[in-house]
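Biologist: I am new to this structure and would like to understand the reasoning behind the terms used for it. Could we look at it together before we begin?

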Amino acid sequence: MAESEDPATNTPYTREAAWQLVCEYTESPSLRKHALSVEACVRAYGEREADRLGILGEDRAAFLEKYAITGVLHDFDYERFPSLDDHPFAGNKILAELGWPEEIRTAILSHASYSGVPRNSHLEKALFACDELAGFLTACALVKPTKSIHDVEVAGVRKKMKDRAFAKGVHREDIVNGAADLGVDLDGHIAFCLEAMQKNAGELGLTGTKATETGP
Ligand SMILES: [Fe+2]
Ligand SMILES: [Fe+2]
């Protein structure tokens with residue numbers, strides 16, 4: 001067994017290996033944080049799904065790792081291959097050559113609507129539903145005076161979704177359609193992803209300016 005293998009799954013295709021690949025291909029701090037924020041949201045949906053299906057023990061750990069890997073890896077090729085012709089196809093080729101599981105690669109392909117790969121599985125639907133929303137929630141946090149994800153609320157997010165000048169690059173219809181396709185109500189989806197990101201605020205760099213203040 002190689003040193004990097006996961007004792008739970010006996011494969012080298014671990015979340016840590018996925019993160020190393022993201023860092024190898026991605027210099028941009030904001031793109032790395034996007035990977036981590038989508039991971040947090042998709043993994044949280046993995047937990048909900050594991051609960052629903054009653055998946056326990058090692059099977060649960062492997063199930064959650066699959067969700068985490070898919071979330072963290074989905075844009076790993078974007079910095080080097082940003083064109084619609086290349087992303088996520090170039091990444092898929094690289095992942096296939098490295099032996100990453102097909103289920104994860106197919107889910108990653110499916111997050112790009114133009115790939116022609118349909119979103120059938122819960123994992124695929126969760127990735128698509130979380131991708132644009134995670135970016136939008138980050139944008140909502142960064143315009144708060146505190147820059148804290150803890151100060152973002154669902155009602156404010158809904159208001160900002162109507163403000164076309166705000167975070168123009170985020171496709172609102174993908175957020176709305178993604179939630180509908182996942183079978184979750186939009187407000188519930190926003191609240192769920194907010195909570196997932198709040199739990200991981202430290203690594204996402206979204207704890208806010210207040211948290212770093214030490215003076216009286
Ligand atoms: Fe992407
Ligand atoms: Fe993305």
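Modeller: This is a predicted model, and a convenient place to start is the lining of the largest cavity, which by class has 5 nonpolar, 1 polar and 1 charged residues.

Biologist: Which residues line the largest cavity, and what is its volume?

Modeller: The residues that line the largest cavity are Val22, Thr26, Leu31, Ala35, Val72, Asp75 and Phe76. Its volume is about 30 Å³, and the structure holds 1 cavity of 30 Å³ or more. Asp counts as charged, so Asp75 in this lining belongs to the charged class.

Biologist: What is the volume of the largest pocket, and which residues are the closest to its centre?

Modeller: The largest pocket has a volume of about 700 Å³. It is lined by 30 residues, and those closest to its centre are Leu31, His34, Asp75, Asp131 and Glu132. The lining divides into 13 nonpolar, 12 polar and 5 charged residues. Helix H2 (29-53) and helix H6 (122-142) each supply at least two residues of it, and H6 gives the most, with 8 residues.

Biologist: What makes His34, His74, Asp75 and Asp131 count as donors of the iron ion (ligand 2)?

Modeller: The cut-off for a donor atom here is 2.8 Å from the metal, and His34 (NE2), His74 (NE2), Asp75 (OD) and Asp131 (OD) coordinate the iron ion (ligand 2) at 2.1 to 2.2 Å, so these atoms qualify. Along the chain, the donors follow the spacing H-x39-H-D-x55-D.

Biologist: Why is the arrangement around the iron ion (ligand 2) called irregular?

Modeller: The 4 donor atoms subtend angles of 86 to 178°. A tetrahedral arrangement needs all angles to lie between 85 and 135 degrees, and the upper value of 178° falls outside that range, so the arrangement is not tetrahedral. The angles make the arrangement irregular. Because water is not among the atoms, a site of this kind may look incomplete.

Biologist: Which protein donors does the iron ion (ligand 1) have, and which residue coordinates both iron ions?

Modeller: The protein donors of the iron ion (ligand 1) are Asp75 (OD), His87 (NE2) and His111 (NE2), lying 2.1 to 2.2 Å from it, with the spacing D-x11-H-x23-H along the chain. Asp75 coordinates both iron ions, and the iron ion (ligand 1) and the iron ion (ligand 2) are 4.0 Å apart. Asp75 and His87 both lie in the loop between helix H3 (57-73) and helix H4 (89-98), 12 residues apart. Both Asp75 and His87 are buried, and His74 is buried as well.

Biologist: Why is the pair of Tyr25 and Phe76 called edge-to-face?

Modeller: By the rule used here, the count comes to 6 aromatic pairs. The rings of Tyr25 and Phe76 have their centres 5.1 Å apart and their planes at 80°; rings pair if their centres lie within 6.5 Å, and planes over 60 degrees apart count as edge-to-face, so the pair is edge-to-face. Tyr25 lies in helix H1 (residues 15-25) and Phe76 in the loop between H3 and H4, so the pair ties together parts that are 51 residues apart in sequence. Both Tyr25 and Phe76 are buried.

Biologist: What makes the pair of Tyr45 and Phe192 tilted?

Modeller: For Tyr45 and Phe192 the distance is 4.2 Å centre to centre, with 35° between the planes. Planes under 30 degrees apart would be stacked and those over 60 edge-to-face, so an angle of 35° makes this pair tilted. The pair links Tyr45 in helix H2 with Phe192 in helix H9, 147 residues apart. Tyr45 is buried, and so is Phe192.

Biologist: Where else does Phe192 appear, and what is the volume of the second largest pocket?

Modeller: Phe192 is one of the residues that line the second largest pocket, including also Arg15, Glu39 and Lys199. That pocket has a volume of about 220 Å³, and the largest share of its lining, 5 residues, comes from H2. By class the lining has 4 nonpolar, 1 polar and 7 charged residues.

Biologist: How do you know that Glu65 counts as buried?

Modeller: Glu65, which is placed in helix H3, has 16% relative accessibility, and buried means under 20%, so Glu65 counts as buried.

Note on methods
Residues numbered from 1 in each chain as written. Chains lettered and ligands numbered in written order. Predicted model: local features only at pLDDT ≥ 70, side-chain atom pairs only at ≥ 80, totals over all residues. Heavy atoms only, no water. 1 Å grid on protein atoms, 1.4 Å probe; cavity = no way out; pocket = protein on both sides within 12 Å on 5 of 7 lines; lining within 4 Å. Points joined across faces, edges and corners; volume = space filled by probe spheres on them. Helix = DSSP H or I, 4+ residues; strand = E, 2+ residues; numbered from the N terminus. Donors = N, O, S within 2.8 Å, 3.2 Å for Na, K, Ca; no water. Tetrahedral: all angles 85-135°; square planar, octahedral: opposite > 155°, others 65-115°. Buried < 20%, exposed > 50% of the residue type's maximum accessible area, 1.4 Å probe, protein only.
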